Number of protein chains: 2
Amino acid sequence: MTLGTASTEWRQARRQSARDAIVDAAWAVVAEAGLAGLSMRDLATRAGTTTPTLYAYFGSKNAIYDAMFGQAARAFAEHMAPEYQERDPAAVVRESVGRFVAFSLDDVPRYQLLFQRTVPGFEPSPESYAYAVTALDDTRGRLARVGISDARHLDMLTALVTGLVDQQLSNDPGGRRWVRLIDELIEMFLDHCQRPERKGGSHHGQRQNR
Amino acid sequence: MTLGTASTEWRQARRQSARDAIVDAAWAVVAEAGLAGLSMRDLATRAGTTTPTLYAYFGSKNAIYDAMFGQAARAFAEHMAPEYQERDPAAVVRESVGRFVAFSLDDVPRYQLLFQRTVPGFEPSPESYAYAVTALDDTRGRLARVGISDARHLDMLTALVTGLVDQQLSNDPGGRRWVRLIDELIEMFLDHCQRPERKGGSHHGQRQNR
DNA sequence: GTCTATAGCTGGATAGAC
DNA sequence: GTCTATCCAGCTATAGAC
């Protein structure tokens, strides 16, 4: 790697830290105005600068959303990655779900940006998206290693967990009405997964609904 | 009731049908532009009129959202109300969940308006909200009559169903990837509800998460 | 790179003639 | 009630001086 002189490296480092400062200010704005309420004016004011300066660092407003998405995806990956102390399947699933729920409830706009599609014209770039995909794949792998590998069961678990988070956020924000159901929901889920196959093949696509 | 002459009744009927025509046009607009993409200009064009005329029938844009919410809530109540042929608990739960999911997937903006809080400054009026509350209460009563009455279990079921719908809509729109899991999810849920109480009181609030 | 100033557009809502 | 015309606020984004 002899691509840059020391001076260009300094420049790039300064540029990167300036970009980071803008993204930090962006998180502060959406925390108050909501994810869709981010405006370039507010952001410039909050960052102590003006809109043309923002455009010197980001080509568009969506580029800022994308940088936020990248930060969030990275944080998500780091939050899910640390090794799990527990060994038995129930404990691993519980810890995995617990981490996801804790991460989601910790920062609502971050959750909306990462996992809901709520910003009108925004699609994350492949680079930003990659972190989120990796983290989710890791989680899937971890579940597979403790025996939860059936595709249907994984889809059921994602529906269950996202439903839990969504209900908690929209019907009891700041409370614990649905969060406290985690253990019981996971117990229900694991009991079901460990149950022997049904006679007659009632699942796995043979039978249609209704 | 001697409040109005025949002529004022005619006027009110005409006025109501004009309002209905505007609301119908509004549904057509959101079907194309998304729920948040409704603009008074587009709506006026679609309804074959102009914006001042809209304001002759509705005091604000949110008043139009409210009329849409009222229509949707009424439709939801009518969709859930008809008597159920089935008697045994599993079949009743299955039919109830099936109706909810079918109604939700049938019209996505309608689902978003009714059950998600996605329109920025909009809160439904008490009158419009009443229909939705009634329909949900009826559903709860129906479940209670077949033995699903525990508050925790009801919250679990709502999380499960909304999670199912949300995953289906956002990760496989138009498909059946999560819809086909309905029977298995309900079987799992019912198995859990019919299970005898745990020894030691591990649920019902004694034990906190983590 | 950073500013002032503003272009260009779209939104909700209204004035006033008819 | 319905129109033409318009106001005013907010937005993203840019031109051009320094």
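**Figure 1. Buried residues of helix 9 of chain A in the predicted model.** In helix 9 of chain A, the residues A:Ile182, A:Asp183, A:Glu184, A:Leu185, A:Ile186, A:Glu187, A:Met188, A:Phe189, A:Leu190, A:His192 and A:Cys193 are buried. Buried means under 20% relative accessible area, exposed means over 50%, and partly exposed lies in between, with a 1.4 Å probe and protein chains only. Helices (H or I, at least four residues) are DSSP runs numbered from the N terminus. Because 11 of its 13 residues are buried, helix 9 of chain A is largely enclosed by the rest of the structure. Its buried residues pack against helix 5 (89–106) and helix 8 (151–171) of chain A, and also against helix 8 (151–171) and helix 9 (182–194) of chain B. From first C-alpha to last, helix 9 of chain A (residues 182–194) reaches 18 Å, close to the 18 Å expected at 1.5 Å a residue; the expected span is 1.5 Å times one less than the number of residues. The structure is a predicted model in which local features need pLDDT of at least 70 and side-chain atom pairs count only at pLDDT 80 or more, whereas totals for chains, interfaces and linings use all residues. Residues are numbered from 1 along each chain as its sequence is written, chains are lettered from A and ligands numbered from 1 in the order in which they are written, and side-chain values use heavy atoms, with hydrogens and water left out.

**Figure 2. The cysteines A:Cys193 and B:Cys193.** A disulfide is a covalent bond between the sulfur atoms of two cysteines; here the criterion is a pair of cysteine sulfur atoms within 2.5 Å. Zero disulfides are found over all chains. The sulfur of A:Cys193 is 17 Å from the closest cysteine sulfur, in B:Cys193, which is too far for a bond. B:Cys193 is accordingly in no disulfide. A:Cys193 is buried, with a relative accessible area of 18%, and B:Cys193 also counts as buried at 18% relative accessibility.

**Figure 3. The protein surface near DNA strand D.** Among the 15 residues that surround DNA strand D, the closest are A:Met40, A:Arg41, A:Tyr55, B:Arg15 and B:Thr49; a residue is near a strand if one of its heavy atoms lies within 4 Å of it. Of the strand D atoms within 4 Å of the protein, 58% belong to sugar or phosphate and the rest to bases. Phosphate oxygens of strand D lie 2.8 Å from a side-chain N or O atom of A:Lys61, 2.8 Å from one of B:Thr53 and 3.3 Å from a polar side-chain atom of B:Thr50. Helix 2 (40–46) and helix 3 (51–57) of chain A and helix 3 (51–57) of chain B each give two or more residues to this surface.

**Figure 4. The protein surface near DNA strand C.** DNA strand C is surrounded by 15 residues, and the closest are A:Thr49, B:Met40, B:Arg41, B:Tyr55 and B:Lys61. Sugar and phosphate account for 51% of the strand C atoms that come within 4 Å of the protein. A phosphate oxygen of strand C lies 3.2 Å from a polar side-chain atom of A:Thr50. For A:Tyr57, the corresponding distance to a phosphate oxygen of strand C is 2.9 Å, and for B:Tyr55 it is 2.7 Å.

Key
A polar contact is a pair of N or O atoms within 3.5 Å; within protein, one must be able to donate a hydrogen and the other to accept it, and residues adjacent in sequence count only if both atoms are side-chain atoms. Contact means heavy atoms within 4.5 Å.
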